[in-house]
Amino acid sequence: MIKIKNLTHYYNNDKAIDDISLNINSGEFISFIGESGSGKSTLLSILSTLLKPTSGDVYFNNLNYTDILNIDKFRKENIGFIFQFHYLINYLTVKENIKLANKRVKDEEIKNLLSTLGIENLIDKYPNEISGGQRQRVAIARALINNPKVIFADEPTGNLDSNNSLKVFKLFKKLSKKGTTIIVATHDKNLAKMANKIYELKDGKIDEKII
Ligand SMILES: Nc1ncnc2c1ncn2[C@@H]1O[C@H](COP(=O)(O)OP(=O)(O)OP(=O)(O)O)[C@@H](O)[C@H]1O
């Protein structure tokens, strides 16, 4: 589904990604681990179309990223983003925040999704009225509302306690079993183990495939 060929990225003269080639199949749950600065965020930014690599190619179902004509449409149709910091809008309710991703979505669908995430009772609350773990689940709901084919999650549990972190990774596992491709960067080796495959990055290279 995602094919990475000889991907290299420099920030000025510093090499952050060093000639990575990799294939990711549809429905796979992949974790990238590695020390701070090893290149995880850079790699996820490139794979999720947010950053153009210095050289190399990324294909999504054989479509080269460089050939995407309408990037907003492509992202909306294919990609869900989850970051460490949730970026919810404080003056919008949970429901309104989710509607930002899709104005036409029905309230019923939002309710169903929130219910799978165990937070249906928060639908009319504002972000500052709910906990950090709940906010992260709202951000995940927002990423899921368009049924993306692939979800990119960069340190999605970085500000969550272990219980909420586990819930998030269990949800990823469930989604991948239903066919969504999940690509996560995390520092947490134990959580990373819930993926089908773990790749360790070192100095911008894939150092080791753990599973
Ligand atoms: N915007 C930027 N400008 C310059 N250098 C950058 C930039 N972003 C990252 N880097 C550098 O690129 C390398 C890889 O960083 P990256 O953030 O991808 O690693 P990471 O594994 O995600 O780290 P962390 O776990 O701390 O988020 C590091 O040497 C970092 O300093």
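**Figure 1. A hairpin turn links strands β1 and β2.** Let's begin at the turn of this predicted model. The hairpin formed by β1 and β2 has 2 residues between its strands, and Asn12 takes a positive phi near 55° there. The two strands run antiparallel and are joined by 7 bridges. One pair to look for is His9 with its bridge partner Ile17 in β2. Another is Ile4, whose bridge partner in β2 is Leu22.

**Figure 2. Strand β1 also pairs with β4.** Here we turn to another partner of β1. Strand β1 covers residues 2-11 and strand β4 covers residues 55-60; 5 bridges join them, and they run antiparallel. Ile2 has Phe60 as its bridge partner in β4. For Lys3, the bridge partner in β4 is Tyr59.

**Figure 3. Four strands make an open sheet.** Stepping back a little, you can follow the strands in the order β2-β1-β4-β5, with antiparallel pairing. Which strands sit at the edges? They are β2 and β5, the latter spanning residues 63-64, and each of these edge strands pairs on one side only. As a general reminder, strands of a sheet pair through backbone hydrogen bonds, either parallel or antiparallel. In a regular strand, side chains alternate between the two faces of the sheet.

**Figure 4. Eleven positions to find around the ligand, from Tyr11 to Thr42.** The residues around the ligand are Tyr11, Asp14, Ala16, Gly34, Ser36, Gly37, Ser38, Gly39, Lys40, Ser41 and Thr42. Two elements, β2 (14-24) and α1 (40-47), each give two or more residues to this shell. Which element gives the most? That is α1, with 3 residues. Sorted by class, the shell around the ligand holds 2 nonpolar, 7 polar and 2 charged residues.

**Figure 5. The largest nonpolar core has 53 residues.** To find your way around this core, try looking for Ile30, Leu43, Leu47, Phe152, Ile182 and Ile183, the residues with the most contacts inside it. Helix α5, residues 132-144, gives the most to this core, with 6 residues. Ile182 is a good place to pause. Setting aside residues up to four places away in sequence, Ile182 touches Phe29, Ile30, Ile151, Phe172, Leu175 and Ser176.

**Figure 6. Gly27 sits in the loop between β2 and β3.** Strand β3 spans residues 29-33, and Gly27 lies in the loop between β2 and this strand. Is Gly27 buried or partly exposed? Gly27 counts as partly exposed because it has 17 C-beta neighbours inside 10 Å, and a buried residue would need 20 or more. Apart from its neighbours within four places in sequence, Gly27 is in contact with Ser176, Gly179 and Thr181. Try finding Lys149 too: Gly27 and Lys149 are 122 residues apart along the chain, and their C-alpha atoms are separated by 8.4 Å.

**Figure 7. Glu155 has a positive phi although it is not a glycine.** The phi of Glu155 is about 45°. To locate Glu155, look in the loop between β7 (150-154) and α6 (162-177). Glu155 is partly exposed, with 19 other C-beta atoms within 10 Å.

**Figure 8. Asp203 also has a positive phi without being a glycine.** For Asp203, phi is about 50°. Asp203 lies in the loop between β9 (197-202) and β10 (205-209). With 14 other C-beta atoms within 10 Å, Asp203 is partly exposed.

**Figure 9. The close-ups belong to a chain with 7 helices and 10 strands.** This last legend places the views in the whole chain. What radius of gyration would a compact globule with 211 residues have? The value would be near 17 Å, and the chain has 17 Å, so the two agree. Taken along the principal axes, the box filled by the C-alpha atoms is roughly 45 × 40 × 35 Å. Buried residues make up 38% of the 211 residues. Finally, consider contacts between residues at least 6 apart in sequence: 70% of them join residues at least 24 apart.

Conventions. Residues numbered from 1 in each chain as written. Predicted model: local features only at pLDDT ≥ 70, side-chain atom pairs only at ≥ 80, totals over all residues. Rg over C-alpha atoms; globule rule 2.2 N^0.38 Å. Buried ≥ 20, exposed ≤ 12 C-beta atoms within 10 Å, placed from the backbone. Contact = placed C-beta atoms within 7 Å. Near = placed C-beta within 6 Å. Nonpolar A, V, L, I, M, F, W, Y, C, P; charged D, E, K, R; others polar. Pairing = 2+ DSSP bridges. Core = buried A, V, L, I, M, F, W, Y, C linked by C-beta atoms within 7 Å.
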